[in-house]
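Me: Could you take a close look at one helix and the pocket beside it for me? I would like to see how that part is built, and then how the rest of the chain is laid out.

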Amino acid sequence: MRANIPPNLQVLIVYNPAAGQSPDLKQTLDRVANLWRDLGWQVQIAATTAPGDATSKAQIAARSGYNAVVAAGGDGTVNEVMNGLVGTETALGVLPLGTVNIWAREMGLSMDMLKAAEILAKSELTKIDVGMAGNRYFLLMAGIGFDAAVTATVRSEEKKLFGAIAYVKQAIQIAWNFRGVRLKLRIDGKRVRGKILMVIVGNSQLYGGAIKFTAHATIDDGLLDVCVIKGRDMLSAPRRLISIFARHYNRDPQVKYYQAKQVEIRRKRGKALPVQVDGDYLGTTPMSFRVVPDSLWIMVPPNADRSLWRSVEGSA
């Protein structure tokens with residue numbers, strides 16, 4: 001389902017003042033707003049003040065009849081905004097401002113905010129699927145196991161100071177002692193056995209700005225893509241990553257790839273595993289994951305990655 005952007009688009013920019021490293025963030029956003037106003041758009045800007053505030057602001061904007069809410073921040077801010085828009089007629093847009101900006105990269109946007117605003121102005125509106133982990137929606141992915149353990153221990157001040165390097169540093173520290181575990185893992189009811197290091201449940205493709213654990217994922221097929229990485233410890237991880245980079249998922253007996261509507265994860269003997277969604281720590285297992293088809297309008301620039309749709313005709 002597609003639609004053109006109305007010439008008098010009503011848009012709210014929700015920005016996270018703590019994201020990124022720009023000293024003149026508000027001035028840049030004012031320039032973005034003026035650029036869009038010159039096109040005839042009606043633009044308002046609002047800063048977040050606490051965790052969850054972006055969701056509340058998005059919900060209020062949707063109820064007030066805004067056509068779009070643009071998240072200016074990292075993927076965590078994007079996730080908060082989209083959690084307020086699922087099931088409404090208000091579209092999600094994004095301006096890159098955070099640590100990795102995965103969704104902005106999927107949409108083919110420049111990491112320069114003004115250039116991204118120019119590209120976003122040429123968007124069309126398209127409806128897509130989202131995922132749900134427990135009672136929280138996700139746009140990109142959910143991770144269970146090793147990557148979530150890393151996410152849970154990276155402090156916000158480290159992310160702001162060091163960017164993606166903060167995750168690499170923490171991953172190296174945790175990897176030495178991390179061990180695969182036997183999970184009660186069911187994918188559309190089918191049991192998956194073995195010692196598991198990590199499970200990625202993907203709605204889209206890109207992970208961490210470079211890797212595609214779920215390279216076959218499309219955002220309009222009514223399915224989630226699931227990459228299961230098995231192993232006793234993280235010493236085997238480099239070999240698993242080579243298989244993933246080469247997309248030899250099911251040729252490597254320790255890497256399994258599935259497409260499903262629902263994933264259920266429990267830990268044997270009651271020990272919980274960490275869970276992250278869209279790069280932010282969410283909680284622990286047990287947890288269920290499911291697809292929510294055709295539930296979110298998004299702004300799609302002309303140079304968005306076409307492989308995210310089942311067909312070129314289905315993309316903007």
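**A close look at α1 and its surroundings**

Reply: Happy to help! Of the 316 residues in this chain, 56% count as buried. Please keep in mind that the model is predicted. The chain holds nine helices and 17 strands. Among contacts between residues at least 6 apart in sequence, 73% join residues at least 24 apart.

Let's start with the helix itself. α1 has 13 residues, and from its first C-alpha to its last it reaches 18 Å, close to the 18 Å expected at 1.5 Å a residue. Which residues of α1 are buried? They are L25, T28, L29, V32, A33 and W36. Seen down the axis of α1, these buried residues fall within an arc of 140°, so they line one face of the helix. The background is simple: an α-helix has 3.6 residues a turn, so residues three or four places apart point the same way.

What does that face pack against? The buried residues of α1 pack against four strands, β2 (10-15), β3 (42-47), β4 (68-73) and β5 (91-96), and also against the helix α5.

Now to the pocket. The second largest pocket has a volume of about 160 Å³. The elements that give two or more residues to the lining of this pocket are α1 (25-37) and α5 (113-120). So α5 turns up twice here: the buried residues of α1 pack against α5, and α5 also gives residues to the pocket lining. Eleven residues line the second largest pocket, and P96, L97, M111, D112 and M113 lie nearest its centre. By character, the lining divides into six nonpolar, four polar and one charged.

One loop that starts from a strand in this packing deserves a visit. T48 sits in the loop between β3 and α2 (53-63). Is T48 buried or exposed? At 13% relative accessibility, T48 counts as buried, because the cut-off for that class is under 20%. Leaving aside neighbours within four places in sequence, T48 is in contact with V14, Y15, N16, P17, D53 and A54.

Elsewhere in the chain, a cavity is worth comparing with the pocket. The structure holds one cavity of 30 Å³ or more, and the largest cavity has a volume of about 30 Å³. Its lining consists of L140, M141, I200, S204, Q205, L206, Y207, F213 and T214. These lining residues divide into six nonpolar, three polar and no charged, whereas the lining of the second largest pocket includes one charged residue.

Finally, a few backbone details you may want to check. D188 has a positive phi of about 50° although it is not a glycine, and D188 lies in the loop between β9 (181-187) and β10 (190-192). D278 likewise has a positive phi of about 50° without being a glycine; D278 is found in the loop between β15 (274-277) and β16. How exposed are they? D188 is partly exposed, with a relative accessible area of 44%, while D278 is buried, at 4%. Further along, the peptide bond from T285 to P286 is cis, with omega near 10°, and P286 lies in the loop between β16 (280-284) and β17 (287-300).

Definitions and conventions. Residues are numbered from 1 along each chain as its sequence is written. This is a predicted model: local features need pLDDT of at least 70, side-chain atom pairs count only at pLDDT 80 or more; totals for chains, interfaces and linings use all residues. Side-chain values use heavy atoms; hydrogens and water are left out. On a 1 Å grid over the protein atoms alone, a cavity is a set of points where a 1.4 Å probe fits but cannot get out, and a pocket is an open set with protein on both sides within 12 Å along at least five of seven lines; lining residues have an atom within 4 Å of a point. Grid points are joined across faces, edges and corners, and a volume is the space filled by probe spheres set on the points. Ala, Val, Leu, Ile, Met, Phe, Trp, Tyr, Cys and Pro count as nonpolar, Asp, Glu, Lys and Arg as charged, and the others, Gly among them, as polar. The expected span of a helix is 1.5 Å times one less than its number of residues. Buried means under 20% relative accessible area, exposed over 50%, partly exposed in between (1.4 Å probe, protein chains only). The arc is that of the directions from the helix axis to the C-beta atoms. Contact means heavy atoms within 4.5 Å.
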